[in-house]
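Colleague: Could you take a close look at the salt bridges in this one for me? I'd like the details, and then whatever else fits around them.

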Amino acid sequence: MDIIQGIKRAIGIITLNSAVIKETSRDKNATGVTLLIWMFIPVAASIGTWSLRNIIPGIFVWTAVLGIGTAIYHILAQILGGKATYQQLLRPLGHQGVLYWVMIIPGIGPALSVVAMFWSIVIDIVTLKIVYKLSTARAAAVVLIPASIIITLVATFFAVIVAFMLAMIGKNI
């Protein structure tokens, strides 16, 4: 598969076209394009912020996020009765990375990427439902369980920081 066909498939995936999601998940040649799409995200972010110094570290970070996130989804989907492979999930999830290319737009790119993040949750649920043949509720659980854990950890971290800062202020009074 070439990059142009990959981008066309990506558009199908982000518009929730179930046939394209199935086709991409089964196409072993789509893996390379998946990684290229995902590796362009930090390039787009760097161009949008006029800072090229984060491209190389960004490629590693974004690729790790894709790999680890897919692994977490894969394990949870299998626990909930899903029937697919890691690679079958990686391909359509990676193609949706074109959503984050909006970061290339100076000024508003980061704000648009937040919108993209929320839309990607919907895409993740639909993709898991199709690829793993899960019910909507189970697919949503696969996505929302890790999200809930992350939100809880982040909130706890900030609560500890605030408590520490308040304690330090109290000692200075």
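Modeller: Asp-27 pairs with Arg-9 in a salt bridge, and the closest N and O atoms come out 2.9 Å apart. Asp-27 sits in the loop between helix 2 and helix 3 (30-48) while Arg-9 belongs to helix 1, so this contact ties together parts that are 18 residues apart in sequence. Keep in mind that this is a predicted model, so to speak a computed picture throughout.

Arg-9 has a second partner: Glu-23, with the closest N and O atoms 2.8 Å apart. Here, too, distant parts of the chain are linked, since Arg-9 is in helix 1 (residues 3-14) and Glu-23 in helix 2 (residues 18-26), 14 residues apart. Put together, Arg-9, Glu-23 and Asp-27 form a network of salt bridges, and the structure holds two salt bridges.

How covered are the three side chains? Arg-9 has 7% relative accessibility, and because that is under the 20% cut-off, Arg-9 counts as buried. Asp-27 is buried as well. Glu-23 has a relative accessible area of 42%, which means it is partly exposed.

Between the two helices that carry Arg-9 and Glu-23 there's a backbone detail. Leu-16 is in the loop between helix 1 and helix 2, and its phi is positive, about 65 degrees, although it is not a glycine. That's worth a flag because most residues other than glycine have a negative phi. Leu-16 is partly exposed, at 28% relative accessible area.

The same kind of phi turns up further along: Lys-133 has a positive value of about 55 degrees and is not a glycine either. Lys-133 is placed in the loop between helix 6 and helix 7, and with 62% relative accessibility it counts as exposed.

That loop brings us to the helix pair on either side of it. Helix 6 (residues 109-132) packs with helix 7 at an angle of about 130 degrees, the axes being 8 Å apart. At that angle the two helices are therefore oblique to each other, and helix 6 passes helix 7 in a right-handed crossing.

Helix 7 (residues 136-171) also contains Val-154, which is partly exposed with a relative accessible area of 40%. Val-154 is one of the residues making a nonpolar surface patch of about 800 Å². The others in that patch are Ile-150, Phe-157, Phe-158, Ile-161, Phe-164, Met-165 and Met-168.

Note on methods:
Residues are numbered from 1 along each chain as its sequence is written. This is a predicted model: local features need pLDDT of at least 70, side-chain atom pairs count only at pLDDT 80 or more; totals for chains, interfaces and linings use all residues. Side-chain values use heavy atoms; hydrogens and water are left out. Patches are made of residues with over 30% relative accessible area and no salt bridge: like charges are joined within 9 Å, nonpolar side chains (Val, Leu, Ile, Met, Phe, Trp, Tyr) within 5 Å. Accessible areas come from the Shrake-Rupley method with a 1.4 Å probe; for residues, only the protein chains shown count as cover. A salt bridge is a side-chain nitrogen of Lys or Arg within 4 Å of a carboxyl oxygen of Asp or Glu. Helices (H or I, at least four residues) and strands (E, at least two) are DSSP runs, numbered from the N terminus. Buried means under 20% relative accessible area, exposed over 50%, partly exposed in between (1.4 Å probe, protein chains only). Axes are lines fitted to C-alpha atoms, for helices over the stretch in contact, and angles run from 0 to 180 degrees between N-to-C directions. Angles under 35 degrees count as roughly parallel, over 145 as roughly antiparallel, 65 to 115 as roughly perpendicular and the rest as oblique. A crossing is left-handed if the near helix is turned anticlockwise from the far one by less than a right angle, and right-handed if clockwise.
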